[in-house]
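Let's take a walk through this one together, starting with the rings and ending at the surface. Keep the 3D view open so you can click along.

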Amino acid sequence: MDKKVRELLNIWLENGLINQASYEEIVKFEEESNPNQKSKVARAITLIGGLFLLSGLLGTIPLLWMNLAYWAQLGLLVATTYFLFYAATYSEKLEDERLFIFKSTERVSSFLFLISNISFGASVTFAINILQETGVVNFSEEISFILVSFFVLLYALYLFLRTKLIFQHAALFYCICFHLGAIGNLLFPNIEPWAAGLFLIAIGSIWGINTYSTLLKPSWLGYFLSVSTVSIGTIILIEDLIQVEIISILILILGSIFYVWASIQLSEQVIFFIGGLGLVINLPRLITEILPDNIWPPLILFLVGGVLVVVGLYLNSIRENIISTDTE
């Protein structure tokens, strides 16, 4: 039985939160559900063996890869993709507990599915290259990018709909960006930077809306992908279209303030961190732009920070007073 669990049980028993009967039932359940010593030894041996196997494989593959024909390399990639998918599927059936560097077997399967997604992309790329070298097809580089990104996107979409796990969420987002980017590169080969920024703002906003509608989970990851992409797109758009530095900085500061406000409304810390980072970066830029080569910028930042801390503490005290009043 885990030492921390037993300590918690003892504290609960001493403070009357549970009775002796409940205490004994929980202890019995924990002892029966936790793996015994032999199981732990077997798992440790398996893990060590897997590490040796992995290190040997990583050392052998480069030597083997150089001596393989192109079609054999493709076959190895396909076999690797299938093996990773099978391993991820198998890991889903394991008990949900910490495994090596992962917090749960769910994270293990999600990571393996992600690697299989990358391996699948390499397999599709090799397959198209073989077809072009043998003269079966004759695609331009732009069309090849679209085909590869399309098939990888389909696989990423399948994995996301199948698992709804964290790495599949991120993989789906970036696969969509890559595929739409490949199409844009074909249709608009000489696209202006501001248009690329507008594209990032659009796809980030759409992702944020779908996260807000609970279609995409976990929400913190959806908002992170959305807000970070919109931020990058906004910076590209502003830097390309607005030549007046102070106006650019003001727009970025307003955007950061909006992120902080949105984080409070949505109760999402990741949005607050991105908004706060934007303020930390752009407020000094604004003050330096207004008062160049002056001692005032750090002093103003110090005063603004002090005011914000006081306001935050005051609002928190009001909140605590309201809560205590409501409970009386």
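What follows looks at aromatic pairs, then nonpolar cores, then a patch on the outside. Bear in mind that this is a predicted model.

Start with the rings. Searching the whole structure turns up 10 aromatic pairs. One of them is F85 with F113, an edge-to-face pair with 5.5 Å between the ring centres and 65° between the planes. What does this pair tie together? F85 sits in helix α4 (residues 70–91) and F113 in helix α5 (residues 105–133), so the contact joins parts that are 28 residues apart in sequence. Y158 belongs here too: with F85 and F113 it makes up one aromatic cluster. Is F113 buried or exposed? Its relative accessibility is 0%, so F113 counts as buried, the cut-off for that being under 20%.

Now move along the chain to F173 and W207. These two also form an edge-to-face pair, 5.0 Å centre to centre and with 65° between the planes. This pair links distant parts of the chain as well: F173 is in helix α7 (residues 166–187) and W207 in helix α8 (residues 193–212), 34 residues apart. F173 has 1% relative accessibility, so it counts as buried. W207, at 7%, counts as buried too.

That brings us to the nonpolar cores. In soluble globular proteins, nonpolar side chains tend to be buried together. Here, the largest nonpolar core has 18 residues, and F173 and W207 are among those that touch the most other members, along with V148, L172, C175, L221 and L225. Which helices build this core? At least two residues come from each of α5, α6 (141–163), α7, α8 and α9 (219–241). The largest share is from α7, which supplies six residues. For a closer look, click on C175: leaving aside residues up to four places away in sequence, C175 touches V152, L153 and A156. There is also a second, separate core of nine residues, and its members include V227, V230, L237 and V270.

Finally, head out to the surface. Which residues form a nonpolar patch there? L8, I11, W12 and L17 do, and together they have about 390 Å² of accessible area. L17 is in the loop between α1 (3–14) and α2 (20–33). At 61% relative accessibility, L17 counts as exposed, because the cut-off for exposed is over 50%. Set that beside F113, which is buried at 0%, and you have a residue from each side of the story.

Conventions: Residues numbered from 1 in each chain as written. Predicted model: local features only at pLDDT ≥ 70, side-chain atom pairs only at ≥ 80, totals over all residues. Heavy atoms only, no water. Phe/Tyr/Trp six-rings, centres within 6.5 Å; stacked < 30°, edge-to-face > 60°. Helix = DSSP H or I, 4+ residues; strand = E, 2+ residues; numbered from the N terminus. Buried < 20%, exposed > 50% of the residue type's maximum accessible area, 1.4 Å probe, protein only. Core = buried A, V, L, I, M, F, W, Y, C linked by side-chain atoms within 4.5 Å. Contact = heavy atoms within 4.5 Å. Patch = residues over 30% accessible without salt bridge, like charges linked within 9 Å, V, L, I, M, F, W, Y side chains within 5 Å. Areas by Shrake-Rupley, 256 points an atom, 1.4 Å probe, with all protein chains shown as cover. Salt bridge = Lys/Arg side-chain N within 4 Å of Asp/Glu carboxyl O.
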